[in-house]
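Some notes on the model follow, in numbered points. They take the ligand site, then the nonpolar interior, then two helices.

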Amino acid sequence: MSALIEFQGLDKFFGSNQVLKAVDLSVQPGEVIVVLGPSGCGKSTLLRCLNGLEQAHGGHLRFAGRELLDSKTDWRQVRQDIGMVFQSYHLFPHMTVLDNILLGPLKVQRRARAEALAQAEQLLARVGLADKRDAFPRQLSGGQQQRIAIVRSLCMNPKVMLFDEVTAALDPEMVKEVLEVILDLAQGGMTMLIVTHEMAFAKAVADRIVFMDAGSILEQSHPESFFNHPASARAQQFLEKFSYVETMPKKTVNKETL
Ligand code: ADP
Ligand code: MG
């Protein structure tokens with residue numbers, strides 16, 4: 001099978017700071033990749049290069065067999081195939097849920113309203129928000145807004161979805177409802193690159209874990225093998241930080257300092 005996405009020797013600099021160092025990564029159609037790594041290691045930059053929000057400086061980046069690192073690339077066109085959802089939802093506050101979702105399909109893709117509307121309603125039902133179609137973003141919880149942001153992206157019929165820490169800004173009780181939507185997409189065969197700090201979710205959803213450190217991919221492995229036997233010392237240290245939270249000793253309170 002030929003790869004849907006291919007990063008090959010990808011370099012990215014911010015000034016003299018090299019934040020991606022000859023990154024190689026191939027993603028097959030239907031594959032779910034979870035990118036892990038310490039803060040600042042380049043995870044967001046990797047995703048942002050793929051939909052043209054950042055410009056890579058060297059190497060190759062192919063999508064569906066086409067080279068994207070080309071001055072002729074029409075990123076507006078490419079972004080219709082590559083949906084991206086961020087930590088903040090960026091819904092338009094003055095527009096209803098439905099109008100937010102239909103903006104891209106109608107204005108960018110110039111699709112017929114009835115057809116786009118039918119798809120929007122179907123997607124809203126899929127994420128459990130059919131009754132919110134006429135609500136405004138401010139009337140929704142963070143978890144509901146994030147699910148709408150996902151629907152808005154899906155309604156463009158992307159070939160791949162990128163998720164960059166989409167639950168990081170949510171209250172804990174809303175994290176699950178958003179992660180369940182992504183799990184559902186994985187089961188439906190959507191190709192995805194996911195950056196997350198939710199380790200149990202990463203283990204459940206990923207076909208492959210990609211571990212990055214300081215702009216390089218240090219390992220790419222099956223989730224079982226990554227979480228049970230990380231190959232690199234950096235990955236071991238990274239995972240220890242997460243397991244520490246679970247095994248954190250009960251704090252003894254010194255009453256005299258209260
Ligand atoms: P991660 O998502 O893994 O936390 P990022 O991709 O956001 O990491 O950042 C990688 C590195 O690039 C960091 O050192 C960060 O400070 C730097 N960086 C990210 N965005 C910019 C920018 N717009 N200008 C300058 N440096 C940036
Ligand atoms: Mg980031």
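1. The model is predicted. The comments below keep to the ligand site, the cores and a few individual residues.

2. Which residues surround ligand 1? The shell consists of F14, N17, V19, P38, S39, G40, C41, G42, K43, S44 and T45. Sorted by class, it holds 4 nonpolar, 6 polar and 1 charged residues.

3. Two elements, strand 2 (17-27) and helix 1 (43-50), each give at least two residues to this shell. Helix 1 provides the largest share, with 3 residues.

4. Oxygen atoms of ligand 1 take part in several short pairings with the protein. One is 2.5 Å from a side-chain N or O atom of T45. On the backbone side, an N or O atom of G42 lies 3.0 Å from a ligand 1 oxygen, and a polar backbone atom of C41 is 3.2 Å from an oxygen of ligand 1. Of the 560 Å² that ligand 1 exposes when taken alone, the protein buries 58%.

5. Helix 1 is mostly covered, with 6 of its 8 residues buried. The buried residues are K43, T45, L46, L47, C49 and L50. K43 and T45 therefore belong both to this buried set and, by the 4 Å cut-off, to the shell around ligand 1. After the helix comes G52, which has a positive phi near 80°.

6. The largest nonpolar core has 50 residues. Within this core, the residues with the most contacts are L36, I150, F163, M192 and I194. Helix 6 (residues 172-187) contributes the largest share of the core, 7 residues. There is also a second, separate core of 29 residues, which includes F7, L47, A56 and F63.

7. What does F163 touch beyond its neighbours within four places in sequence? Its contacts there are L47, V85, I150, I182, L185, M192, L193, I194 and V195. Among them, I150, M192 and I194 are also listed with F163 as residues with the most contacts inside the largest core. L47, another of the F163 contacts, is a member of the second core and is buried in helix 1.

8. Q80 sits in helix 2 (residues 75-81). Is Q80 buried or exposed? Q80 counts as buried because its relative accessible area is 14%, and the cut-off for buried is under 20%. With neighbours within four places in sequence left aside, Q80 is in contact with V108, Q109, M156, N157 and P158.

Terms used
Residues numbered from 1 in each chain as written. Chains lettered and ligands numbered in written order. Predicted model: local features only at pLDDT ≥ 70, side-chain atom pairs only at ≥ 80, totals over all residues. Heavy atoms only, no water. Polar contact = N/O pair within 3.5 Å; in protein donor to acceptor, adjacent residues only side chain to side chain. Areas by Shrake-Rupley, 256 points an atom, 1.4 Å probe, with all protein chains shown as cover. Helix = DSSP H or I, 4+ residues; strand = E, 2+ residues; numbered from the N terminus. Nonpolar A, V, L, I, M, F, W, Y, C, P; charged D, E, K, R; others polar. Core = buried A, V, L, I, M, F, W, Y, C linked by side-chain atoms within 4.5 Å. Buried < 20%, exposed > 50% of the residue type's maximum accessible area, 1.4 Å probe, protein only. Contact = heavy atoms within 4.5 Å.
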